[in-house]
Amino acid sequence: MRVGLAVLALAWLLTLPAAAHVIDADLSKLSRTAVFWTYIQLGFTHIIPLGFDHILFIISLYILEPRLRPVLMQATAFTVAHSITLGLAMYGIIKPPGSVVEPIIALSILFVAIENIITTKLSPWRLAIVFGFGLIHGMGFASALTGLGLPRKDYFGSLISFNVGVELGQVSIILLCWLLVGRWAYGRPWYRARVVVPVSIIIGLVAAYWTVDRLLT
């Protein structure tokens, strides 16, 4: 409990200096440590509070099987996948169009929400599905980071720092879900009917709206 609250407190502190995807400082005048810290903050704020779609995706992954070990395994698969495509996109090896990536991100949220409704337990192949969706989400992260750019010095280190910030954001969401719901509600006879299904329906409706909106935009 104390560890979880400590991490959430750190998460809150991370959002204070970087409330949006803006870099006010002249990176060329900052130390390497300061540059890395700046990109950790930017990665974190891309999830909390700015990445509402990514937040809903993580919540969808969590609620079906809210024990920490299964959801952390999914989060690890997701992180590895988005790190691959984020790196490839930032180095110009792939150039995914946002008009394609953003609707697929919304569809990935809708898919997981529907799966939560129609299945009662975590399937072994969900890790593979999450990995595939992570590849798509990484392209979404790249579109945000491309707008900010990376410093010529310590390009790779800044890219890694942004990824670390993203991961801290994801872990913070998981811990918050665990503290609020999973720690005391999982295993109760009413958990699925009162938590999994209604939350998944709400997330699914939001994701469906995003899908249509992003396709038409």
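Trainee: Which residue forms a salt bridge with E102, the closest N and O atoms being 3.3 Å apart?
Mentor: Keep in mind that this is a predicted model. A salt bridge needs a Lys or Arg side-chain nitrogen within 4 Å of a carboxyl oxygen of Asp or Glu. With the closest N and O atoms 3.3 Å apart, the partner of E102 is R214.

Trainee: How many residues apart in sequence are the parts that E102 and R214 tie together?
Mentor: Look at where each one sits: E102 is in helix α5, while R214 is in helix α8, which covers residues 191-216. The pair therefore ties together parts whose separation in sequence is 112 residues.

Trainee: Is R214 buried or exposed?
Mentor: Buried means under 20% relative accessible area. R214 has 19%, so this arginine counts as buried.

Trainee: And what does E102 count as?
Mentor: The range between 20% and 50% has its own label. E102 has 23% relative accessibility, so the label for E102 is partly exposed.

Trainee: Let's move on to R126. Which residue is its salt-bridge partner, and which helix holds that partner?
Mentor: The closest N and O atoms of the pair are 3.0 Å apart, and the partner is E115. R126 belongs to helix α6 (residues 126-148), and the two residues are eleven apart. E115 itself belongs to helix α5.

Trainee: Which residues do salt bridges with shared partners join into one network?
Mentor: We have already met the bridge between E102 and R214. Salt bridges that share partners bring these two into one network with another residue, and the members are D53, E102 and R214.

Trainee: What is the relative accessible area of N116?
Mentor: N116 lies in helix α5, residues 98-118. Beyond its neighbours within four places in sequence, N116 is in contact with several residues, among them S60, R126 and R192. N116 is buried, and its relative accessible area is 0%.

Trainee: What does R67 count as, and what does its salt-bridge partner E65 count as?
Mentor: The closest N and O atoms of E65 and R67 are 2.6 Å apart. R67 has a relative accessible area of 46%, so R67 is partly exposed. E65 is at 9%, under the 20% cut-off, so E65 counts as buried.

Trainee: What is the area of the nonpolar surface patch that includes F156?
Mentor: F156 lies in helix α7, residues 155-185. At 52% relative accessible area, F156 is exposed. Along with Y91, I93, I160, V164 and L168, F156 makes a nonpolar surface patch of about 560 Å².

Methods
Residues are numbered from 1 along each chain as its sequence is written. This is a predicted model: local features need pLDDT of at least 70, side-chain atom pairs count only at pLDDT 80 or more; totals for chains, interfaces and linings use all residues. Side-chain values use heavy atoms; hydrogens and water are left out. Helices (H or I, at least four residues) and strands (E, at least two) are DSSP runs, numbered from the N terminus. Buried means under 20% relative accessible area, exposed over 50%, partly exposed in between (1.4 Å probe, protein chains only). Contact means heavy atoms within 4.5 Å. Patches are made of residues with over 30% relative accessible area and no salt bridge: like charges are joined within 9 Å, nonpolar side chains (Val, Leu, Ile, Met, Phe, Trp, Tyr) within 5 Å. Accessible areas come from the Shrake-Rupley method with a 1.4 Å probe; for residues, only the protein chains shown count as cover.
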